[in-house]
Amino acid sequence: MKLRKNIPQVTLVGAGPGDLELITVKGLKRIQKADYILYDALVNPELLEEAPNAKKLYVGKRLGKKAYSQDEINQLIVEKALLYGHVVRLKGGDPFVFGRGFEELQYIESFQIPVEIVPGLSSSIAVPELARIPVTHRGVSNSFHVISGTLANGELNPEIHKSVTTNGTVVILMGVSKLKEIVRIYNDARKGNEAIAVIFNGSLPNETIVRGNISTILSKVEKQSTTGPALLVIGEVVRLDAISNDLVEQFKFYLN
Ligand SMILES: C[S@@+](CC[C@H](N)C(=O)[O-])C[C@H]1O[C@@H](n2cnc3c(N)ncnc32)[C@H](O)[C@@H]1O
């Protein structure tokens with residue numbers, strides 16, 4: 001999309017899982033050209049420094065409560081585009097993976113305002129990958145399934161019951177608060193030995209990975225004081241250790 005000064009236009013940008021450098025080149029360029037940025041809680045705030053002259057509005061949760069409803073956010077995007085020109089709507093991970101990005105796209109386009117989409121690295125793939133867990137691996141897992149653990153009304157997603165039947169990898173977002181129920185469902189399906197990892201703050205300096213199996217994971221996670229976004233990865237792929245942790249520690253020096 002060619003950006004034209006003061007013409008209302010919106011770019012939906014996925015910021016990736018949190019590490020500043022895991023945004024796409026295109027996403028970064030759009031931020032640098034933004035007149036106005038509306039951003040969410042899981043977006044790395046350092047990204048905003050790329051647009052020193054743009055106005056910014058935080059529309060994520062505050063103390064666990066939403067600062068704005070989705071309807072209000074939709075309206076704000078349109079309002080700011082009409083007032084300021086190029087709006088960047090910056091969202092964590094990928095905008096279309098449990099991100100309500102498509103709702104925003106539909107609303108904005110109903111005002112004949114052009115929308116460009118810049119995908120982001122979804123935490124559902126990137127966070128396991130950074131923990132050296134491949135979501136698929138030949139001979140081990142031929143599929144991966146991304147499920148939300150919690151529905152919009154706060155209840156457990158009943159699709160978790162179906163997830164126990166797959167031999168593929170199950171990635172559960174927004175599921176750590178439902179870990180007890182998820183463990184019960186997997187235990188009831190005689191999958192107590194299934195490997196699981198819970199990854200907090202993936203890609204960030206305070207990343208914490210808790211590995212275990214269904215029977216042990218709850219007590220391991222309860223011992224953690226870590227807060228922040230977390231996801232669960234369930235399946236045989238969690239047992240694949242490409243490289244020992246000691247070696248990873250040694251490599252860190254060269255990689256950073
Ligand atoms: C509302 S969903 C948005 C997902 C996002 N659109 C994506 O593609 O990654 C938020 C959930 O994503 C997961 N998540 C996002 N970033 C994460 C991170 N850095 N580490 C672990 N989990 C993360 C958590 O399960 C969190 O509750």
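What follows is a walk through this structure, from the ligand site out to a handful of individual residues.

A word on the ground rules: this is a predicted model, in which local features need pLDDT of at least 70, side-chain atom pairs count only at pLDDT 80 or more, and totals for chains, interfaces and linings use all residues. Residues are numbered from 1 along each chain as its sequence is written, and side-chain values use heavy atoms, with hydrogens and water left out.

Let us begin with the ligand. It sits in the largest pocket. Here a pocket is an open set of points on a 1 Å grid over the protein atoms alone, where a 1.4 Å probe fits and where protein lies on both sides within 12 Å along at least five of seven lines. A molecule sits in a pocket if more than half of its atoms lie within 2 Å of the pocket's grid points.

There are 18 residues around the ligand, and Pro17, Val97, Ser122, Ser123 and Ala230 come nearest; a residue counts as near if one of its heavy atoms lies within 4 Å of the molecule. Sorted by class, this shell holds eleven nonpolar, six polar and one charged residues. In that scheme Ala, Val, Leu, Ile, Met, Phe, Trp, Tyr, Cys and Pro are nonpolar, Asp, Glu, Lys and Arg are charged, and the others, Gly among them, are polar. Two elements, α4 (123–130) and β12 (230–234), each supply at least two residues of the shell. Helices (H or I, at least four residues) and strands (E, at least two) are DSSP runs, numbered from the N terminus.

Now look at the polar contacts, meaning pairs of N or O atoms within 3.5 Å. A backbone N or O atom of Ala230 lies 2.6 Å from a ligand oxygen atom. An N or O atom in the side chain of Ser122 is 2.8 Å from an oxygen atom of the ligand, while a backbone N or O atom of Gly92 is 3.1 Å from a ligand nitrogen atom. Altogether, the protein covers 88% of the 570 Å² of accessible area that the ligand has on its own, as given by the Shrake-Rupley method with a 1.4 Å probe.

Next comes the backbone. Most residues other than glycine have a negative phi. Asn201 has a positive phi, near 50 degrees, and its place is in the loop between β10 (195–200) and β11 (208–213). Ser203, found in the loop between β10 and β11, is not a glycine either and has a positive phi of about 80 degrees. Asn201 counts as buried at 5% relative accessibility, and Ser203 is buried with a relative accessible area of 14%. Buried means under 20% relative accessible area, exposed over 50%, and partly exposed in between (1.4 Å probe, protein chains only).

What about other parts of the chain? Gly149 lies in the loop between β8 (144–148) and α5 (159–163), and it counts as buried because its relative accessibility is 0%. Asn142, in the loop between α4 and β8, is exposed, with a relative accessible area of 74%. Finally, Ile37 belongs to strand β2 (residues 36–39) and is buried at 0% relative accessibility. The C-alpha atoms of Ile37 and Lys220 are separated by 39 Å, with their positions 183 residues apart along the chain.

Conventions
A polar contact is a pair of N or O atoms within 3.5 Å; within protein, one must be able to donate a hydrogen and the other to accept it, and residues adjacent in sequence count only if both atoms are side-chain atoms. On a 1 Å grid over the protein atoms alone, a cavity is a set of points where a 1.4 Å probe fits but cannot get out, and a pocket is an open set with protein on both sides within 12 Å along at least five of seven lines; lining residues have an atom within 4 Å of a point.
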